[in-house]
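I opened the coordinates to look up a few things about packing and contacts. These are my entries, in the order I made them.

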Amino acid sequence: MNKQNITVLVGGIFFGFGLAYSGMTKQEIVLSFLQLKDLGLIFVMGGAALVTFFAVNVVPRYLKTPLLGGKFKPRRALLSRNVIIGAIIFGVGWGLSGQCPGSAVASLGTGNIAVLVGLGAMFVGAYLRGLLDKQ
Amino acid sequence: MFPLGIEPYLVGGILAGIGVSLIYIATGLHATQSSFFTTTLSWFLKRKHFQKESNIEERTWRLFLATGLVIGALLYTLTLSPTGFWNTSVQIWRLALGGLLVGFGTRLSQGCTSGHGISGLASLSTTSLYAVIVFMGVAIATANIIQLIGVSP
């Protein structure tokens with residue numbers, strides 16, 4: 001284990017603890033958000049994005065490189081048809097099952113064994129995406 | 001609008017953001033989730049899509065990230081959780097079909113709730129903003145249609 005992997009593990013622990021604390025790991029709570037019965041979930045993504053906004057936009061003004069080396073690079077992707085078509089397909093899956101990738105992985109830690117089915121299916125979906133990629 | 005209050009959501013979101021920020025400040029990596037499926041498959045599949053250099057580079061730390069998520073949620077369940085271990089009652093076919101679409105869609109879109117929703121928005125990416133608006137809108141519509149036709153849980 002190098003320093004990078006240990007740091008990622010520790011950051012992941014905060015991430016997973018936060019997801020479980022917020023209820024994101026419970027598909028029923030996610031679905032009640034998407035059915036507009038409980039709008040609290042907007043604060044999960046909002047709160048996380050706000051904190052991360054400072055890390056991505058403010059911290060690099062005072063720190064030339066990341067503490068363990070490497071480079072600061074904001075996450076930008078080019079807009080393409082695939083980004084939007086993919087988002088539509090993802091939206092159907094999220095709305096149908098209440099699972100998204102991070103929350104499904106974290107959900108395992110809450111004892112939610114049923115979500116293994118969803119995670120297995122996500123791997124199959126990612127595999128099918130690879131089959132369709134002509135590159 | 002907020003039957004459970006906003007405290008758990010806001011605190012949980014901030015904790016998740018601290019995790020993502022810690023990783024970014026220390027390593028410059030974006031702790032996003034959906035790439036994990038593709039990079040993990042690169043251990044088993046020869047196809048070029050999976051064998052891209054970036055997948056090989058990222059696959060180890062992404063496994064650590066996923067492990068961290070599970071440990072973090074486990075720690076919460078063992079300490080602060082009012083309900084302890086828990087299992088969803090959402091029907092298996094919904095988890096399976098939904099998961100399939102989530103896996104395919106997030107990889108085609110190159111981001112999910114964390115990639116576009118946290119790291120992308122925090123990076124002020126307009127691409128991610130469009131993606132978030134689309135997947136949120138479609139998910140809200142889908143969840144309501146499912147409820148309307150009487151599928152529960």
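What percentage of the 135 residues of chain A count as buried? I got 59%. I note at the start that this is a predicted model.

**Entry: chain A overall**

I counted seven helices and zero strands in chain A. Along the sequence I read the pattern as α-α-α-α-α-α-α. I took the box along the principal axes, and the C-alpha atoms of chain A fill roughly 45 × 40 × 35 Å. I then looked at the contacts in chain A with a separation of 6 or more, and residues 24 or more positions apart account for 48% of them.

**Entry: helix 1 of chain A**

I checked the length of helix 1 of chain A, residues 3-22. Its 20 residues reach 29 Å from the first C-alpha to the last, which is close to the 28 Å expected at 1.5 Å a residue. I also checked burial: 16 of the 20 residues are buried, and helix 1 of chain A is mostly covered. Just after this helix I found G23(A) with a positive phi of about 95°.

**Entry: the contact of the two chains**

How many residues does each chain bring to the contact? I listed 106 residues from chain A and 109 residues from chain B. On the side of chain B that touches chain A, helix 1 (7-27), helix 2 (35-41), helix 3 (48-51), helix 4 (53-78), helix 5 (92-109), helix 6 (115-122) and helix 7 (126-148) of chain B each supply at least two residues. Helix 1 of chain B gives the most, with 20 residues. I sorted the residues of that side of chain B by class and got 65 nonpolar, 40 polar and four charged.

**Entry: helix 3 of chain A against helix 1 of chain B**

I fitted the axes of helix 3 of chain A (residues 42-57) and helix 1 of chain B; they come within 7 Å and cross at roughly 30°. Helix 3 of chain A is therefore roughly parallel to helix 1 of chain B, because angles under 35 degrees count that way. I recorded the crossing as right-handed. Among the residues making this contact are F43(A), V44(A) and G47(A) of helix 3 of chain A, and Y9(B), G13(B) and G17(B) of helix 1 of chain B. By class I have 17 nonpolar, seven polar and no charged residues in this contact.

**Entry: helix 5 of chain A against helix 7 of chain B**

I found helix 5 of chain A (residues 81-97) and helix 7 of chain B packed at an angle of about 35°, with axes 7 Å apart. Helix 5 of chain A passes helix 7 of chain B in a right-handed crossing. The classes in this contact are 18 nonpolar, five polar and no charged residues.

**Entry: two residues of chain B**

Is Y9(B) buried or exposed? I counted 27 C-beta neighbours inside 10 Å, so Y9(B) is buried. Y9(B) sits in helix 1 of chain B. Beyond four places in sequence, I found Y9(B) touching S22(A), G40(A), L41(A), F43(A) and V44(A).

I placed G68(B) in helix 4 of chain B. G68(B) is buried because it has 29 other C-beta atoms within 10 Å, and the cut-off is 20 or more. Leaving aside neighbours within four places in sequence, G68(B) is in contact with residues including V8(A), G12(A) and F15(A).

Methods:
Residues are numbered from 1 along each chain as its sequence is written. Chains are lettered from A and ligands numbered from 1 in the order in which they are written. This is a predicted model: local features need pLDDT of at least 70, side-chain atom pairs count only at pLDDT 80 or more; totals for chains, interfaces and linings use all residues. Two residues are in contact if their C-beta atoms, placed from the backbone, lie within 7 Å. Helices (H or I, at least four residues) and strands (E, at least two) are DSSP runs, numbered from the N terminus. Ala, Val, Leu, Ile, Met, Phe, Trp, Tyr, Cys and Pro count as nonpolar, Asp, Glu, Lys and Arg as charged, and the others, Gly among them, as polar. Axes are lines fitted to C-alpha atoms, for helices over the stretch in contact, and angles run from 0 to 180 degrees between N-to-C directions. Angles under 35 degrees count as roughly parallel, over 145 as roughly antiparallel, 65 to 115 as roughly perpendicular and the rest as oblique. A crossing is left-handed if the near helix is turned anticlockwise from the far one by less than a right angle, and right-handed if clockwise. A residue is buried if 20 or more other C-beta atoms lie within 10 Å of its own, exposed if 12 or fewer, and partly exposed in between; C-beta atoms are placed from the backbone. The expected span of a helix is 1.5 Å times one less than its number of residues.
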